[in-house]
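Trainee: Please take a close look at a single part of this protein and show how that part sits in the whole. I would like the cut-offs stated as you go.

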Amino acid sequence: MALDQSFVGRTYPPTPAYEVGREKIREFAEAVGDTHPAYIDVEAARALGHADVIAPPTFVFSITYRAAGEVVQDPQLGLDYSRVVHGDQKFSYVRPVRAGDRLTVTSTIETIKSMAGNDIVDIRGDVHDEAGELVVTALTKLVARAAEEA
């Protein structure tokens, strides 16, 4: 069953603040195999003009994906999460994520499409810092595969 188009444009409340820690950045950088000095060494980050270590570009996925979970779990939307696969991910940065940032994410349903029985939902996650400034916008595409016929 196709998802309700009236959900396009729906915005969900901001998430609780997520405090970005140096250790979380280091662990993430190591996990993805990106050991750029600005991700693990405060002095290296400062030499590049940053106040503290910065996070790799995909670091923010972990908090934006959790925020998108609120959309996915909205019972009124009716998305069958057991059939969902991650279709695409894009980030548009205003500035790097830094250790010490307290970030919130506001999710908005950008588009809903149905193709070949699959439901495709595009979710925009606007990530703001404690001052309310936009840090990054994440665009997440989720695909709910069509149910197999018996």
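Mentor: Of the 150 residues of the protein, 41% count as buried, where buried means under 20% relative accessible area, exposed over 50% and partly exposed in between, with a 1.4 Å probe and protein chains only. The model is predicted, so local features need pLDDT of at least 70 and side-chain atom pairs count only at pLDDT 80 or more, while totals for chains, interfaces and linings use all residues. Residues are numbered from 1 along each chain as its sequence is written, and side-chain values use heavy atoms, leaving out hydrogens and water.

The overall layout comes before the part itself. The protein has 4 helices and 5 strands; these are DSSP runs numbered from the N terminus, with at least four residues for a helix (H or I) and at least two for a strand (E). From the N terminus, the elements run β-α-α-α-α-β-β-β-β. Along the principal axes, the C-alpha atoms fill a box of roughly 60 × 30 × 20 Å.

The strands make an open sheet of 5 with antiparallel pairing, in the order E1-E3-E4-E5-E2; two strands pair if DSSP finds at least two bridges between them. Strand E1 (18-19) and strand E2 (84-93) stand at the edges with a single partner strand each, so one side of each has no neighbour in the sheet.

The part to look at is strand E4, residues 118-128. E4 is mostly covered, with 8 of its 11 residues buried. On one side, 11 bridges join E4 to E3, and the two run antiparallel. One facing pair here is Thr-104 and His-128 of E4. Another bridge links Met-115 to Asn-118 in E4. E3 and E4 form a hairpin with 2 residues between them, and Ala-116 in the turn has a positive phi of about 55°.

On the other side, 10 bridges join E4 to E5, again antiparallel. Val-127 stands opposite Val-136 in E5. This hairpin has 5 residues between E4 and E5, and Gly-132 in its turn has a positive phi of about 85°.

Val-127 deserves a closer look. Not counting residues up to four places away in sequence, Val-127 touches Val-60, Ile-63, Thr-64, Leu-103, Thr-104, Val-105, Glu-133, Leu-134, Val-135 and Val-136, where contact means heavy atoms within 4.5 Å. Val-127 is also among the residues with the most contacts inside the largest nonpolar core, which has 22 residues; Val-20, Ile-25, Phe-59, Ile-63, Val-97 and Leu-103 are the others named. Such a core is a set of buried Ala, Val, Leu, Ile, Met, Phe, Trp, Tyr and Cys residues joined through side-chain atoms within 4.5 Å. At least two residues of this core come from each of H1, helix H2 (37-40), H3, H4, strand E3 (102-115) and strand E5 (134-144). A second, separate core of 15 residues includes Val-121, along with Leu-3, Tyr-12 and Ala-68. In soluble globular proteins, nonpolar side chains tend to be buried together.

Thr-106 lies in strand E3 and is buried, at 17% relative accessibility. Not counting residues up to four places away in sequence, its contacts are Thr-11, Tyr-12, Pro-14, Arg-124, Gly-125 and Asp-126.

One of the named core residues, Phe-59, also belongs to an aromatic pair. Rings of Phe, Tyr and Trp (its six-membered ring) pair if their centres lie within 6.5 Å; planes under 30 degrees apart count as stacked, over 60 as edge-to-face and the rest as tilted. By this rule there are 3 aromatic pairs. Phe-28 and Phe-59 form an edge-to-face pair, 5.5 Å centre to centre with 85° between the planes. Phe-28 lies in helix H1 (residues 22-31) and Phe-59 in the loop between helix H3 (42-47) and helix H4 (61-72), so the pair ties together parts 31 residues apart in sequence. Phe-59 is buried, at 4% relative accessibility. Phe-91 and Tyr-93 form a tilted pair, 6.4 Å centre to centre with 45° between the planes. Phe-91 is partly exposed at 26% relative accessibility, and Tyr-93 is partly exposed at 30%.

Finally, some figures for the whole. Among contacts between residues at least 6 apart in sequence, 69% join residues at least 24 apart.
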